[in-house]
Amino acid sequence: MIAIGTEDCYTGTVDRSGKPDPGRVGYNRMHMRRKQWARPELDACPYYYNDPEEMRGKWKTAFPKVQPLMLELGCGKGVSTSRMTSSNRDINYIAVDISPDVLGDARRNMAEAYGSEPDNVILCRFDIENIHRFFSKEDEIERIYIHFCNPWTERPKHAKRRLTHPRQLEQYMAFLKEHGEIWFKTDDDELFRDSLVYFRLCGFETVYLTRDLHKDGFQPNYVSEHEKKYTELGVPIKFGILRKTKDQLDFDPTRWRLTPGMYKE
Ligand SMILES: C[S@@+](CC[C@H](N)C(=O)[O-])C[C@H]1O[C@@H](n2cnc3c(N)ncnc32)[C@H](O)[C@@H]1O
């Protein structure tokens, strides 16, 4: 894996209180420079929600228009998010990240992309590992975007922290609509290979799959900050669209572990 330096995108993980946990750094080392301006700007932002458990099941009411609702998990600075949301005003979006610093950038990117206050996007801060506390089936999420999540490849026991692990997929299945989709992009071969196994075990069917997104030319594709960096390093971007086919798992994902070589793609 190619390690990339990143000044202020937190790609480690957090402890239960939401504070960065330096003992659980996987993807990149944490080089987080606290942005003094980010929290005050977010606090003043009408479309920013910090830890919004009270919105569970009621997210549709948070937007002026009732439209399909989609989620982006780990949006980072919102480089691609702001392009996507401002180009698709007939869709409502919720973009989630754990880091207020990157969400501060995402807010600024939104302001630039829209020129005025967006009415179809909400920025949210919470730990996606606990996403069941924030969404329920009443929210009828049509699609989830997961772009360049932490691969957690350093130690096998860390795989359960992946945003595509069955522990997470079980939570997403509970609020994704019937036939709802996950759009998943990564630079990481191991994460991609394992995630395809996770998706299949959890009953997701493959709608589209490529190991070189840019060569295949799939559209629409909004290039994210990490996607741009890895592409410039010559790493092909892996991408899949996976469709939900069932609501519940028939195994316990908290006890389950992928045995290397046991499953074929
Ligand atoms: C590698 S960055 C990718 C950012 C963006 N999607 C992109 O493609 O450029 C991963 C992002 O996920 C966020 N993240 C990682 N684990 C998270 C968690 N458990 N809950 C919420 N956000 C998380 C990080 O803060 C970071 O901004």
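Phenylalanine 148 sits in the loop between β7 (141–147) and α4 (166–175), where helices (H or I, at least four residues) and strands (E, at least two) are DSSP runs numbered from the N terminus. Its phi is near 60°, a positive value in a residue other than glycine. Phenylalanine 148 counts as buried because 24 other C-beta atoms lie within 10 Å; the cut-offs are 20 or more for buried, 12 or fewer for exposed, and partly exposed in between, with C-beta atoms placed from the backbone.

Keep in mind that this is a predicted model, with local features needing pLDDT of at least 70 and side-chain atom pairs counting only at pLDDT 80 or more, while totals for chains, interfaces and linings use all residues. Numbering runs from 1 along each chain as its sequence is written.

Aspartate 51 also has a positive phi without being glycine, this one near 55°. You'll find aspartate 51 in the loop between β3 and β4 (69–73), and it is partly exposed because it has 13 C-beta neighbours inside 10 Å.

Now hop over to helix α3. Its 15 residues (100–114) should span 21 Å at 1.5 Å a residue, and the end C-alpha atoms are indeed 21 Å apart; the expected span is 1.5 Å times one less than the number of residues. Buried residues in α3 include Pro100, Val102, Leu103 and Met110. Among what covers the buried residues of α3 are α1 (38–43), β5 (92–97) and β6 (121–125). Right after α3 comes glycine 115, with a positive phi near 75°.

One last backbone oddity: the peptide bond from glutamine 219 to proline 220 is cis, omega near 0°. Proline 220 lies in the loop between α6 (213–216) and α7 (225–232).

Terms used. Contact = placed C-beta atoms within 7 Å.
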